[in-house]
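User: Please take me through one part of this structure closely. I am new to it, so start with a single pairing and work outward from there.

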Amino acid sequence: MCSIINKARPVHRALALTLRLRTNTEGSSYAAADRGHFSPCGGADVDPLRAASRRYCSRMALSQGLLFRQLFEPESSTYTYLLADTSTKEAVLIDPVLEPLDRALTLLHELGFNLKVAVNTHCHADHITSTGLMKKRLAGLKSAISKFSGASADIHLSEGDKITFGKQYLTVVETPGHTDGCVTLVTGDRSMAFTGDALLIRGCGRTDFQQGSAKKLYQSIHQKIFTLPDHCLIYPGHDYKGQTASTVAEERKFNPRLTKSLEEFVDIMNNLNLPKPKKIGMTSHFLYGPVTSYALLITIGVVLPLLLHHFFFSLREDGKDICTIRFITLYCCECLRI
Ligand SMILES: N[C@@H](CCC(=O)N[C@@H](CSS)C(=O)NCC(=O)O)C(=O)O
């Protein structure tokens with residue numbers, strides 16, 4: 001963990017250390033009364049734009065039987081969320097990341113939780129999910145992802161599906177736009193929404209690759225996320241500035257992209273000019289499970305070269321075996337007519 005923190009940018013280092021501390025001591029816990037209205041920290045009429053709704057209320061969450069932890073991976077600035085029912089000890093992980101896999105597993109073990117489902121809000125372009133490896137290490141664990149993601153998993157999610165853990169549950173809300181298979185996961189009492197890469201704090205997911213569509217994203221956020229209760233806490237899949245949570249009311253009012261018209265939003269998204277995430281290309285590595293990933297790697301790295309080698313060595317030039325490399329060089333030169 002320390003070595004990862006040291007490699008990260010200062011803002012990430014500070015954030016990682018802060019969150020590591022918070023994970024150990026407080027946990028960013030929050031749960032609402034399940035009586036149809038949201039009452040952060042006991043105050044029913046709290047202005048959602050004020051700090052009270054952003055406070056982390058571990059005791060409140062625990063009194064509702066929900067344990068909540070926000071974990072941060074500094075290299076890709078990714079958040080993973082652990083939610084658990086404190087009475088039945090059943091837990092779910094949202095967007096587990098490969099690098100701090102052991103940290104998540106240790107935490108689960110220490111707290112005595114039984115991880116039921118590891119759910120990905122979408123097929124990630126910027127980091128590797130640890131779902132496949134977790135399944136190897138935790139018997140009975142099921143993976144889940146949207147049916148529109150194109151990825152394989154034990155459970156394929158659709159709009160309105162419920163992911164239950166003990167007496168708690170998450171509702172699946174389809175929010176395409178960053179990718180076709182993006183979902184937002186909303187707690188049963190609608191007090192927390194895990195928005196993945198659809199809605200970020202004062203930002204949103206990029207729409208310039210992986211079936212991205214600015215128009216779809218705008219509609220998803222306005223129709224599916226901004227219609228959640230004002231106080232509903234927003235927990236994103238990433239943050240690059242050290243922010244940890246927001247609310248629906250805050251984002252509706254202050255999000256610099258989503259407060260614009262659809263046309264303006266599309267224009268902003270078409271001109272973001274963001275660099276490609278470092279790990280793009282490894283999108284669904286391990287999502288399909290390590291067996292598939294390793295099989296693919298072995299095929300490309302070992303079987304294919306062996307077959308090529310065998311093929312080229314079987315060719316003869318003046319009755320002699322020819323070297324594969326020489327043959328390939330000659331073949332390429334011939335094709336290019338050098
Ligand atoms: N600003 C980031 C760039 C990394 C990035 O592209 N992040 C994605 C989510 S992972 S595919 C994204 O959608 N970003 C939106 C944005 O506005 O940043 C960095 O600092 O590395």
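Analyst: Start with one bridge: Leu 82 has Leu 93 as its partner in β3. Keep in mind that this is a predicted model. Next to that pair, Tyr 81 stands opposite Ile 94, again in β3. These pairs belong to a longer seam. Strand β2 covers residues 78-85 and is joined to β3 by four bridges, with the two strands running antiparallel.

Now look at the turn of this hairpin. Four residues lie between β2 and β3. One residue there has a notable backbone angle: Lys 89 takes a positive phi near 70°.

Is β3 itself mostly covered or mostly open? It is mostly covered: β3 spans residues 90-94, and four of its five residues are buried.

Go to the other side of β3. There it pairs with strand β4, residues 114-119, in the parallel sense and over five bridges. Leu 93 takes part here too, with Ala 118 as its bridge partner in β4. So how does the chain get from β3 to β4? It passes through helix α4, residues 101-111, and this β-α-β crossover is right-handed. Leu 93 is thus bridged to Leu 82 and to Ala 118.

Step back to the whole sheet. β2, β3 and β4 are part of an open sheet of six strands, ordered β1-β2-β3-β4-β5-β6, and its pairing is mixed. What happens at the edges? β1 (66-73) and β6 (155-157) each have a single partner strand, so each has one side with no neighbour in the sheet. On average, neighbouring strands of this sheet are turned by 20° against each other, direction ignored.

Next comes the packing around these strands. The largest nonpolar core has 60 residues. Which of them touch the most other members? They are Leu 83, Ala 91, Val 92, Val 119, Ala 193 and Tyr 235. Several fall in the strands just described: Leu 83 lies within the 78-85 range of β2, Ala 91 and Val 92 within the 90-94 range of β3, and Val 119 within the 114-119 range of β4.

Leu 83 is worth a closer look. Leaving aside neighbours within four places in sequence, it contacts Leu 66, Phe 68, Ala 91, Val 92, Phe 165 and Gln 168. Ala 91 and Val 92 lie in the range of β3. Leu 66 and Phe 68 lie in the range of β1.

Another contact of Leu 83, Phe 165, leads to a second sheet. This one is also open, with six strands in the order β7-β8-β9-β10-β13-β14 and mixed pairing. Its edge strands are β7 (162-165) and β14 (246-247), and each pairs on one side only. Further in, strands β9 (residues 183-187) and β10 (residues 192-196) run antiparallel and are joined by two bridges. Leu 185 has Phe 194 as its bridge partner in β10.

The loop between β9 and β10 holds Arg 190. It has a positive phi of about 60°, although it is not a glycine. Is it buried or exposed? Neither fully: Arg 190 counts as partly exposed because it has 18 C-beta neighbours inside 10 Å, and a buried residue needs 20 or more.

Return to the first sheet for one loop. Phe 148 sits between β5 (142-146) and β6. It is partly exposed, with 19 other C-beta atoms within 10 Å. Beyond residues up to four places away in sequence, Phe 148 touches Pro 176, Asp 180 and Gly 181.

Finally, place this region in the chain. In an unreviewed entry, UniProt lists residues 77-238 as "domain: Metallo-beta-lactamase". That span is 19% helix and 35% strand, and its end C-alpha atoms lie 6 Å apart. The full protein chain has ten helices and 16 strands. Of its 338 residues, 43% count as buried. Many contacts reach far along the sequence: among those with a separation of 6 or more, 63% join residues 24 or more positions apart.

Note on methods. Residues numbered from 1 in each chain as written. Predicted model: local features only at pLDDT ≥ 70, side-chain atom pairs only at ≥ 80, totals over all residues. Core = buried A, V, L, I, M, F, W, Y, C linked by C-beta atoms within 7 Å. Buried ≥ 20, exposed ≤ 12 C-beta atoms within 10 Å, placed from the backbone. Contact = placed C-beta atoms within 7 Å. Pairing = 2+ DSSP bridges. Right-handed = clockwise from strand over helix to strand, strands pointing away. UniProt positions renumbered as here; feature names shortened; annotations may be inferred. Axes fitted to C-alpha atoms, helices over the stretch in contact; angles between N-to-C directions.
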